[in-house]
Amino acid sequence: MKTIAENRQVRHEYFIEDTYEAGICLEGAEVKSVRNGSVNLKDSFCYIRDGEVFVKNMHIAVYDKVGAFNSKDAKRDRKLLLHKREILKIKSLEQQKGYALIPVRLYFDRALIKMELGVCKGKHTYDKKETLKERDIARTAERQMRGNY
């Protein structure tokens, strides 16, 4: 599986409780733009409306070789494809206080474009500082083991 785009900020801002794989409905020119890597997941989030899941604020750049009539909005809402059981489970988790549905990464699964969604709970500032401290400790320990310190 080749990763197209990843939302690195999610791992810093949230605890990822559970992940789901979802298909995504795209237009033809959007698929070509995604294949070029012109995607940004920063500040994007998902919501459930009428039993369907949509991703909002995901930026897919307009493909430059498309005619003027086929150009769409770069940040339009895009429908995600999930099973009904998964949608109901996500909806019950998301209704709890502090949980959100956030896109983690976009990748190819054979020829299909898939999105990994995370049911996330927000971190407090002291949690963020703790993870940074643990990462620094692990880095210094690795340097000392190699003898490059």
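The following exercises concern helices and cysteines in a predicted model.

**Exercise 1. Determine which residues of helix H2 are buried, how they are placed around the axis, and what they pack against.**

Step 1. Helix H2 covers residues 28-36, and its buried residues are Glu30, Ser33 and Val34.

Step 2. These three residues lie on the same side of H2, because the arc they cover around the axis is only 100 degrees. In general, an α-helix has 3.6 residues a turn, so residues three or four places apart point the same way.

Step 3. Gly28 and Asn36 are on the other side of H2, where they are exposed.

Step 4. The packing partners of the buried residues of H2 include strand S1 (2-6), strand S8 (99-109) and strand S9 (112-122).

Step 5. After H2 comes Gly37, with a positive phi near 90 degrees.

**Exercise 2. Compare the expected span of helix H4 with the distance between its end C-alpha atoms.**

Step 1. Helix H4 comprises 22 residues, 125-146; at 1.5 Å a residue, the helix should span 32 Å.

Step 2. The end C-alpha atoms of H4 are 32 Å apart, which agrees with the expected span.

Step 3. Gly147 follows H4 and has a positive phi, near 85 degrees.

**Exercise 3. State how many disulfides the structure holds, and whether Cys46 and Cys120 are buried or exposed.**

Step 1. The number of disulfides is zero.

Step 2. For Cys46, the nearest cysteine sulfur belongs to Cys120 and is 9.7 Å away; a disulfide would require the sulfur atoms to be within 2.5 Å.

Step 3. Cys46 has a relative accessible area of 3% and is therefore buried. Cys120 is likewise in no disulfide, and is buried with a relative accessible area of 0%.

Conventions. Residues are numbered from 1 along each chain as its sequence is written. This is a predicted model: local features need pLDDT of at least 70, side-chain atom pairs count only at pLDDT 80 or more; totals for chains, interfaces and linings use all residues. Side-chain values use heavy atoms; hydrogens and water are left out. Buried means under 20% relative accessible area, exposed over 50%, partly exposed in between (1.4 Å probe, protein chains only). Helices (H or I, at least four residues) and strands (E, at least two) are DSSP runs, numbered from the N terminus. The arc is that of the directions from the helix axis to the C-beta atoms. Contact means heavy atoms within 4.5 Å. The expected span of a helix is 1.5 Å times one less than its number of residues.
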